[in-house]
Amino acid sequence: MQKVIKNNWVIGNWKSNPSSLTQAKSLANELKCIDFDRINAQIMVMPTNLHLTSVLDTMQDTSILVGCQDVSFTSDTIGAYTGDCSAEQMNAIGVKWTLVGHSERRTYHQESNEQLIVKIENALKNNMGVVLCIGETLTEYEKRQTLNVLHHQLAILKEIKPLKNNLDKLIIAYEPVWAIGTGKVPQVSEVEDVHQNIHKYLLSINEHLAKTPILYGGSVNADNVESFAKSDWIDGVLVGGASLIADKFSSLAKTFFATKK
Ligand code: PGA
C-alpha cells in the first residue's frame, strides 16, 4: 500500500498526575526549557483539567501544544451540568485538542460509542481537534479479534456529521489496552499491520482521511520509541507514564523525531 506523508506527533497524556499544581508547573517549565523548536516537532501535553490554564500559560510562545483528556458529552456549551467541562469552555481558554475514548474512560466511565459520537461532535463544533483512542483488550487480542474491535470503534466516524468539513482535526491513537501501563508492547510489525488496516478503513469512510495521523500508544518509553519511529506506518506516539518526567519525555520525543527525519 502506498504511504502518504503525514504530520508526526508525540503526545504526553498526564492522566491524573501530578498531585499538585506546583509539580505540574515545574514539569511544564522543564519541558518549556527544552529546545523542541529546532526539530519543528508537533509535541502536545495533556494535563488534568485542574492544571490546564497554568500549563497553557507556561507553554505560551512555545511550539508545545496543550490539549485536554476529555470533553463533556452532556452539552457542548455552558449550563447546568454539574462536574462537566464543555468543549466551548475548553476552546475559550485556548485548548485546541482533546482525547476522546481513552480506554480508561471507556472502562471506568462506561463510555459508549453513542456518547463518543456526541463528544467528537461537541469538540468539532467548537473548533477543537480530536485524538480518538481505540484498542483491543488482551482477551480480544488473544482471540485474534483486534481488527473487528477496531472497525467497530472506528465505525462511529461514519455518524459524525461535522467530520467532512474538519478532516484535519482528527488523529487516531491505536492503544492496545493490554499494553497501557504494563510494560508490554506488541511487535512493531503487528502495529504496522494494524495501522495499515486502520488507514484502509478510514479511506473506506472518506477518501480525504488519507492524511489522518495514526499514532501508537501503550508503554512507549525512551528505549523502545526508536523501533516505533522507524516504521513508515507509525505517525507518532501517545505516551502516559514516560511523559511525566521531563528528561525522559524530551529524550523520547527527540529520538522519535530524529528517527523520522
Ligand atoms: P502508558 O499510557 O504510556 O503509561 O502505557 C499510554 C496511554 O494510556 O495513553
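In the predicted model, the side chain of Glu175 places an N or O atom 2.6 Å from an oxygen atom of the ligand. Backbone atoms also approach the ligand: a polar backbone atom of Gly181 lies 2.6 Å from a ligand oxygen, and a backbone N or O atom of Ser219 is found 2.8 Å from an oxygen atom of the ligand. The ligand, taken alone, exposes 280 Å², of which the protein buries 94%.

Glu175, Gly181 and Ser219 belong, together with Lys15 and His102, to the residues that come nearest to the ligand among the 13 that surround it. When this shell is divided by class, seven of its residues are polar, four are nonpolar and two are charged. With respect to the surface of the protein, the ligand is located in the second largest pocket.

The cysteines were examined for disulfides, and the count comes to zero. Cys85 takes part in no disulfide, the nearest cysteine sulfur being that of Cys68 at a distance of 8.3 Å. As to its surroundings, Cys85 is partly exposed, its relative accessible area being 30%. For Cys133, the closest cysteine sulfur is likewise that of Cys68, and because the separation of the two sulfur atoms is 12 Å, they are too far apart for a bond, a disulfide being a pair of cysteine sulfur atoms within 2.5 Å. Cys133 has a relative accessibility of 2% and therefore counts as buried, the limit for that class being under 20%.

Methods: Residues numbered from 1 in each chain as written. Predicted model: local features only at pLDDT ≥ 70, side-chain atom pairs only at ≥ 80, totals over all residues. Heavy atoms only, no water. Near = heavy atom within 4 Å. Polar contact = N/O pair within 3.5 Å; in protein donor to acceptor, adjacent residues only side chain to side chain. Areas by Shrake-Rupley, 256 points an atom, 1.4 Å probe, with all protein chains shown as cover. 1 Å grid on protein atoms, 1.4 Å probe; cavity = no way out; pocket = protein on both sides within 12 Å on 5 of 7 lines; lining within 4 Å. Sits in = over half its atoms within 2 Å of the grid points. Nonpolar A, V, L, I, M, F, W, Y, C, P; charged D, E, K, R; others polar. Buried < 20%, exposed > 50% of the residue type's maximum accessible area, 1.4 Å probe, protein only.
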